[in-house]
Amino acid sequence: MKIEWESTLSVTIDAPLALVAKCCQVTEGVKLPCAVHVLLTDDEQIHQINKEQRGVDRPTDVLSFPAVNYRRGETARTSEKRLKAEWDPELGACMLGDVIISYPHALEQAKEYGHSVRRELCYLLAHALFHLMGYDHMEEDEKKEMRKMEEKALGMAGVTRDEGAIAPSDEELCALARQAMQNSYSPYSRYAVGAALLSADGRVFTGCNIENASFGLTNCAERTAMFKAVSEGVQEFSTIAIASNGAPPYPCGACRQVLNEFAPGIRLLVTWGEGQVAETTLPQLLPHSFGPKDLP
Ligand code: THU
């Protein structure tokens, strides 16, 4: 899931919204690349939009406007045709719709519920995204199902009530790696790679390959994910999933060496299509390795 981000405010957002969006899509089980437009704004603007679009004359915390008209009882997972109708060739993704979040409301609600603004923003985004994927909470059982999906996605993104993450399964980690390919910047090779790195504390860091007109400066997906994690203070990892299309994307020599620096015992999953997964280890890929253990 790609976020087309827009903000009318000059606030710094310290919330893993991009990861939450990807986790919502994995939780729903939508395979097609998707995108969403998110506007972060103030109460005045959300009030105006609420009045104009819904005839409701007051501000609110979050609004969602789905692009897809789901059949009754159906959600995004079972509506591939309808999603495909929203294919945006420029984005290379199906546009699910618009989300508008009021930052002042998020601040207020965080205080009220006694959790962080970070968690509140993640919750509001997840809630809106499940609306965009066909969920509603008019009936009690629908509401329960929607809450369950939200909690699962937030847990997978490491944003839970008790701040303890629920680690994604291998299949979910591979799906996150496939989604990470969506942001690949690979105009020279046209070979998109995505990675999803699971840390020992259950958090996921995603990465893609980022090429450069000066070819040698290219950064591989695995190293992007690893450097994101290490720069956030995380150095212990359990699994990395690497995705591309065509053939199994075993990591290049440079990435094997970088993975070996921090996680010689890491499990590697390579996936080159839905259900096409191979598992390996670093000793298999980098025998007789040279690493921190070899230095005095
Ligand atoms: N690539 C990766 O992202 N990971 C690897 O381990 C192998 C290669 C990328 C780098 C470049 O953008 C493209 O694939 C072709 O080499």
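**View 1. Helix α7 lies across a whole run of strands: β6, β7, β8, β9 and β10.** Its direction makes about 140° with β6. This is a predicted model, so read each close-up here as a view of a prediction. Helix α7 takes in residues 170-180 and is mostly covered, with nine of its eleven residues buried. If you want to pick them out, the buried ones are E172, L173, C174, A175, L176, A177, R178, Q179 and A180. Note that the list has charged names in it, E172 and R178, alongside L173 and L176.

**View 2. The open sheet has five strands, in the order β7-β6-β8-β9-β10.** Its pairing is mixed. At the edges sit β7 (204-208) and β10 (277-281), each of which pairs on one side only. From one strand to the next, the twist averages 20°. Helix α8 (residues 221-231) also packs on this sheet, where it touches β6, β7 and β8. The direction of α8 makes about 140° with that of β7.

**View 3. Here is the buried side of helix α8 and what it packs against.** In α8, the buried residues are A221, E222, R223, T224, A225, M226 and A229. Their packing partners are β6, β7, β8 and α9. Just after the helix comes G233, with a positive phi of about 90°.

**View 4. Strand β8 pairs with β6 in the antiparallel sense and with β9 in the parallel sense.** How much of β8 is buried? Six of its seven residues (237-243) are, so the strand is largely enclosed by the rest of the structure. With β6 (residues 194-199), the pairing runs over six bridges, and one pair to look for is L197 with its bridge partner I240 in β8. With β9 (residues 267-271), there are five bridges. On that side, I242 has V270 of β9 as its bridge partner, and A243 stands opposite T271. Follow the chain from β8 through helix α9 (residues 253-262) to β9 and you have traced a right-handed β-α-β unit.

**View 5. Strands β9 and β10 form a hairpin.** The two strands pair in the antiparallel sense over five bridges. For a landmark, find L268, which stands opposite T280 in β10. Five residues lie between the strands, and G273 in the turn has a positive phi of about 155°. Strand β9 has four of its five residues buried, so it is largely enclosed by the rest of the structure. Strand β10, on the other hand, is one of the edge strands of the sheet.

**View 6. The largest nonpolar core has 57 residues.** Which residues touch the most other members? They are V20, L83, V99, I101 and L125. Helix α5 (residues 117-132) supplies the largest share of this core, ten residues. Now zoom in on V99: leaving out residues up to four places away in sequence, V99 touches V36, H37, V38, L39, V62, L63, L125, A128 and L132. A second, separate core has 22 residues, among them V193, L197, L259 and L282. You've met L197 already, as the bridge partner of I240.

**View 7. Helices α1 and α5 meet in a right-handed crossing.** Their axes come within 10 Å and cross at roughly 35°. On the α1 side (residues 17-28), the contact is made by L17, V20, A21, C24, T27 and E28. The α5 side puts in L121, C122, L125, A126, L129 and F130. Both V20 and L125 are also in the group that touches the most other members of the largest core.

**View 8. T75 sits in the loop between β3 (62-66) and α3 (80-84).** Is T75 buried or exposed? Its relative accessibility is 13%, and since the cut-off for buried is under 20%, T75 counts as buried. Setting aside neighbours within four places in sequence, T75 is in contact with E28, Y70, M133, G134 and Y135. One of these, E28, also takes part in the contact of α1 with α5.

Methods:
Residues are numbered from 1 along each chain as its sequence is written. This is a predicted model: local features need pLDDT of at least 70, side-chain atom pairs count only at pLDDT 80 or more; totals for chains, interfaces and linings use all residues. Side-chain values use heavy atoms; hydrogens and water are left out. Buried means under 20% relative accessible area, exposed over 50%, partly exposed in between (1.4 Å probe, protein chains only). Two strands pair if DSSP finds at least two bridges between them. A crossover is right-handed if, with the strands pointing away from the viewer, the path from the first strand over the helix to the second runs clockwise. A nonpolar core is a set of buried Ala, Val, Leu, Ile, Met, Phe, Trp, Tyr and Cys residues joined through side-chain atoms within 4.5 Å. Contact means heavy atoms within 4.5 Å. Axes are lines fitted to C-alpha atoms, for helices over the stretch in contact, and angles run from 0 to 180 degrees between N-to-C directions. A crossing is left-handed if the near helix is turned anticlockwise from the far one by less than a right angle, and right-handed if clockwise.
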